[in-house]
Amino acid sequence: MRTIIKLGSLALVIGLGASACHVGGGYTVGGAVTGLSGSGLVLQLNGSSNLRFSTGGTFTFSSGIDQGGAYSVTVLTQPSGQTCSVHNGSGTIGTADISNVIVSCTLPGHYAYVANEASNSISAYAIDASTGALAEIAGSPFAATGTGPIAAAVDPNGAYLYVANNASNTVSVYSIDSGTGVLTAVGEPVGSGNGPFALLVEPSDQFLFVINKTDNTVSVFETGSGGSLTSISGSPFSVGSEPTSLATDPGGNFLYVTTYAQNAVAVFSIEPGGGALAAIGGSPFAAGSGALSVTVDPAGTFAYAANETGHSVSMYSLNPDTGALAALSGSPLALGSQAESVAIDPAGKFLLVSTSSNELSSYAITPASGALTAVSTVGTGTFPLSVVVNPQGTFAYVANENSADISVYAINATTGALAQVAGSPFAAGDLPRSIAID
């Protein structure tokens, strides 16, 4: 059973009970909008049934579609100052309501957060939108609520920072003040498995995934109001030997995990609405020696893995229906030194790779084949362990573990060439291991 509530021109359908039911002669289509801060977002279902949004959250179109009918969710009007993309937005109605449409809106990229493992602190910076330069905000660095903060991730709505504490086997939650970037600890750290090493929030902002490297598992937490975390049934899930990094496809349907000791990328389906993990057919997929970091392009078409001891980057095509990976021609791409971290710009045009030779390189991604063409190489600080790109794709940020600083580079939108920004590198704490941008 469902109830339709009309607020002006906005019609929302609120589900009562778990079973699918007919509304207006068919099944409903809905999902979640994340990251919305601007006004004016309008979605359409099959070219009509407009839904207008002033805030993010879950939604359901009031129109029903019969079994076997096609559905397509599109953006009619973008919100002011933002771009929103639709994932899982089209298909054919089966015998259940559709609830996994994700509309992701770009975060503003105002702040950067760095997990400093040896300092037990979180450095927080305001980002200059025009230059990319970092300025430490008042109160930074913030004391970590766990020991050995090694990884950081911002949720898709930009409201919370999650930090994996490697030495205390916990995850800390911090609320983010949208006006100042100041962090405030939320409750007590939540226990994870042993050796939490990396983490991320999937695109719908329902679940947090935490890699436990020592245990060879991934813990899955449901995210609740106020930043709360609740372990789901069946968590943690076994994922392979020495998991080190993770990524999802844009629709949050599959989880990709590098397994360092297996030289592979393991792939798992993510249960819709439940978060449980199940290995897909053919997983794990071969990578190079010491697979350390993985990234998926914004279209969910290609994936790339940094192989540390293999001195290479593995390149894959991605099957959007099954999540399976297939090695691209020329994979792995040989490098001159250890590959430490990989990241893709939001437009999916360039791959960035940091290496143990204290360099950051950019590669152009061929749209049709996923092949890489070298574009630019610049020097970094010592041991550039982590690289991220801001939501606008204009700047790259590199955490240099052994020189305790952050290097910042402008990315040429046309060529992908890198240029160090004025004032870079910027001081961080001891052993900066991870960067997250809000």
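This report walks through a predicted model of a protein, going from the whole fold to a few strands and single residues.

## The whole protein

Let's begin with the overall picture. The secondary structure of this protein comes to 44 strands and 0 helices. Its C-alpha trace spans about 60 × 50 × 45 Å along the principal axes. How does the radius of gyration agree with that of a compact globule? A compact globule with 438 residues would have a radius of gyration near 22 Å, and the protein has 21 Å, so the two agree.

Of the 438 residues, 54% count as buried. Contacts also link distant parts of the sequence: among those between residues at least 6 apart, 49% join residues at least 24 apart.

## Surface and charge

The accessible surface comes to about 16200 Å², and 51% of it belongs to carbon and sulfur atoms. As for charge, the protein has 25 negative and 6 positive side chains. The centres of these two sets lie 13 Å apart.

## Strand β37 and its two partners

Now let's zoom in on strand β37, which covers residues 359–365. Is this strand largely enclosed or left open? Since 5 of its 7 residues are buried, β37 is largely enclosed by the rest of the structure. Here is a handy idea to keep in mind while looking at strands: in a regular strand, side chains alternate between the two faces of the sheet.

Strand β37 pairs with two other strands. With β36 (residues 350–355) it runs antiparallel, and 6 bridges join the two. One such pairing matches Phe350 with Ala364 in β37. The hairpin of β36 and β37 has 3 residues between the strands, and there Asn358 takes a positive phi near 60°.

The other partner is β38 (residues 372–379), also antiparallel to β37 and joined to it by 7 bridges. Here Ser362 stands opposite Ser376 in β38. In this hairpin 6 residues lie between the strands, and Gly370 takes a positive phi near 80°.

## Strand β25 and its hairpin

Strand β25 covers residues 243–248. How many of its residues are buried? The count is 6 of 6, so β25 is largely enclosed by the rest of the structure.

β25 pairs with β26 (residues 254–259) in the antiparallel sense, over 5 bridges. Within this pairing, the bridge partner of Thr248 is Leu255 in β26. The hairpin has 5 residues between its strands, and Gly252 takes a positive phi near 65°.

## Two residues to look at

Try finding Lys213 in the loop between β21 (207–212) and β22 (217–223). Lys213 has a relative accessible area of 25%, so it is partly exposed. Leaving out residues up to four places away in sequence, Lys213 touches Asn194, Gly195, Phe197, Glu242, Pro243 and Thr244. Val353 is 140 residues from Lys213 in sequence, and their C-alpha atoms are 22 Å apart in space.

Next, look for Phe237 in strand β24 (residues 237–238). Is Phe237 buried or exposed? Its relative accessibility is 13%, so Phe237 counts as buried, the cut-off being under 20%. Aside from neighbours within four places in sequence, Phe237 is in contact with several residues, including Asn216, Val218, Ile232 and Leu277. Ile211 is 26 residues from Phe237 in sequence, with 9.6 Å between their C-alpha atoms.

Note on methods. Residues numbered from 1 in each chain as written. Predicted model: local features only at pLDDT ≥ 70, side-chain atom pairs only at ≥ 80, totals over all residues. Heavy atoms only, no water. Buried < 20%, exposed > 50% of the residue type's maximum accessible area, 1.4 Å probe, protein only. Helix = DSSP H or I, 4+ residues; strand = E, 2+ residues; numbered from the N terminus. Pairing = 2+ DSSP bridges. Rg over C-alpha atoms; globule rule 2.2 N^0.38 Å. Contact = heavy atoms within 4.5 Å. Areas by Shrake-Rupley, 256 points an atom, 1.4 Å probe, with all protein chains shown as cover. Lys, Arg positive; Asp, Glu negative; His and termini not counted. Charge placed at Lys NZ, Arg CZ, Asp CG, Glu CD.
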